[in-house]
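Here's a quick walk through a single protein chain, with rings, charges and a few secondary-structure elements along the way. Have the viewer open while you read.

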Amino acid sequence: MAAVEQKGKRQAVWPGGIPKPIAPYSPAIKAGGWLFVAGQLASDFETGLAPECKPANPNTQDARRSQSDFVLRNLAELHNAAGMDMRTDVVRIYQWFASPYPTQEEFEQGSTWPRISITPYLETRNDYIDEPRPASTGMGIRDDGLLVRKTILEVDMISIERQPGVEKQGFPAPEGVPSPLAGYSPAIRNGDWVFLAGEIPVDWHGDYLSDVHLGEPSGLAREARVNPYFWYGSPIEAQTEYVLQKLERIAESAGSSLKRCVKATVYIGHPSDFYGMDRVWRRWFPENPPARVVIPYMGLGGKGSRVEIAMKLLADDSPLQIETIETSDAPEPLGHEPQAVKAGEFVFFSTQMAFDSSGALAKETMRHPEFPWYGQPAKQQMRYMLKNVAAISEAAGTTLENLCKRACFHDDFTWFAETMQDEWASHFPGDKPASTTLRIGGPLVVPGANILLDLTGYAP
């Protein structure tokens, strides 16, 4: 059944025509005119991979194309159940593509190259979504990073309900900024909101030739390179600087600026890149930085890239205010970011992991070293995080139960059942948030942490 949103309410959408998830989450949550869509896989949630994605002869069907069609068809049906149209209403899309690369060793060496082609997916996407296509993030995820065996992609979205007199606008790359090759909009504006696609430090049409600045074929922009034959410079800092310069110009072309950023998502190859990225961040946002989530072990779509950044902003002419949320009842953030930011009717949380104010793993979530087989550390970590999220939500004038969307990143799926189906579900007696769950490996930025959460809440 479809949910009809009531003003000031947050409601789940349960379409009748698509497989129902077997984990405790809602296929989508509608709140404040936004639709937060859970990650969709090519599964019937009964036998595993959907039967129509299991060809008798694998040489007569492209797996990425058939799974893309299954996923996008279900996403379109979900929008219909919410009284919306996926062809026109999507403003932000997230795609996760399974690949055995990079290996853990390659991540350690600074490589993020997934070695796959996503063209079959992009061509299928174009059959379902009209131009201007939504701001996009596509990430390589480890080949055992999805919850259903033999699935190779997962897609989730944010859409905004059409309002009289408000048109969704797509903005091409401004002059001097390379245009993306994948057919998405670098920026989408809908009313007060501007959504920026994930940007990496490439020029897209680069020389792709070995040269002294990189030492191997790459489309990495020259301005983002560090000469590997000298002991000067930081690759992650040079790349972060270049990406923020690109984002600044794209934001301005869409009628906004990085000063109006409310939430940034930063994808890095390895946890050790966090420090250098954060150094640059402090220079760009000396005061009132946006909420920020940083996710490691991401496969990036440009060889040589070590960072990708995507943003949500308010337009410069929007009357909505940006409010930094702080409470002493939750730990201080990991880096240069607030605990959360509130803008309009939404609360955007920074990285949630089981850390204390020092940035180390919280002691109350650890096993006693002399009793290594006692306790459930991942479950304790989830409980600890949700206590903090509840305190931050209260400081923002809302409640934990008003969470709309979570993206959950595990170091290992061993912890999935005890954290999702037990601890997480117990905190949401009503409509549970839409969810995307992925395995990225570890150790995470906080050594010993098993779970990383990216959350958005509703504050009517």
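What follows goes from the overall fold down to individual side chains.

**The whole chain**

First off, this is a predicted model, so take the values below as computed from predicted coordinates. The secondary structure of the protein chain adds up to 8 helices and 18 strands. The radius of gyration is 21 Å, close to the 23 Å that the globule rule gives for 460 residues, so the chain is as compact as a globular protein of that length. If you want a box for it, the C-alpha atoms fill roughly 60 × 55 × 55 Å along the principal axes.

How much of the chain is buried? Of the 460 residues, 60% are. The accessible surface comes to about 18900 Å², and carbon and sulfur atoms own 50% of that. As for contacts between residues at least 6 apart in sequence, 75% join residues at least 24 apart.

**Rings**

The structure holds 16 aromatic pairs. A pair of aromatic rings is described by the distance of the centres and the angle of the planes. Here are two of the pairs, side by side:

| Pair | Centre to centre | Angle between planes | Type |
|---|---|---|---|
| Trp281 and Phe285 | 5.0 Å | 40° | tilted |
| Phe346 and Tyr458 | 5.8 Å | 45° | tilted |

Why do these count as tilted? The label goes to plane angles that are neither under 30 degrees (stacked) nor over 60 (edge-to-face), so the 40° between Trp281 and Phe285 makes that pair tilted. With 45° between the planes, Phe346 and Tyr458 form a tilted pair too.

Phe346 and Tyr458 link distant parts of the chain: Phe346 is in strand β15 (residues 346-349), Tyr458 is in strand β18 (residues 451-458), and these positions lie 112 residues apart in the numbering. Phe346 has a relative accessible area of 2%, so it is buried. Tyr458 comes out at 0%, so it counts as buried as well. Both rings belong to one aromatic cluster, together with Trp34, Phe36, Trp193, Phe195 and Phe348. Back at the other pair in the table, Trp281 and Phe285 are both buried.

**Charges over rings**

Two arginines are worth a click. The charged end of Arg115 sits over the ring of Tyr101, 3.7 Å from the ring centre. Likewise, Arg406 puts its charged end over the ring of Trp424, with 4.6 Å to the centre.

**Helix α4 and strand β5**

Which residues of helix α4 (residues 119-128) are buried? They are Pro120, Tyr121, Leu122, Thr124, Arg125 and Tyr128. These buried residues pack against α1 (63-81), α2 (86-89), β4 (90-99) and β6 (153-160).

One of those partners, β4, leads on to another strand: β4 and β5 run parallel and are joined by 8 bridges. Within that pairing, Tyr94 stands opposite Thr137 in β5. Strand β5 (residues 135-142) is mostly covered, with 6 of its 8 residues buried.

**A buried aspartate**

Last stop: where is Asp273 found? Look in the loop between β10 (261-268) and α6 (274-284). Its relative accessible area is 4%, which means Asp273 is buried, as the cut-off is under 20%. Leaving out residues up to four places away in sequence, Asp273 touches Ile236, Ile268 and Arg306.

Conventions. Residues numbered from 1 in each chain as written. Predicted model: local features only at pLDDT ≥ 70, side-chain atom pairs only at ≥ 80, totals over all residues. Heavy atoms only, no water. Buried < 20%, exposed > 50% of the residue type's maximum accessible area, 1.4 Å probe, protein only. Helix = DSSP H or I, 4+ residues; strand = E, 2+ residues; numbered from the N terminus. Contact = heavy atoms within 4.5 Å. Phe/Tyr/Trp six-rings, centres within 6.5 Å; stacked < 30°, edge-to-face > 60°. Lys NZ or Arg CZ within 6 Å of the ring centre and 35° of its normal. Rg over C-alpha atoms; globule rule 2.2 N^0.38 Å. Areas by Shrake-Rupley, 256 points an atom, 1.4 Å probe, with all protein chains shown as cover. Pairing = 2+ DSSP bridges.
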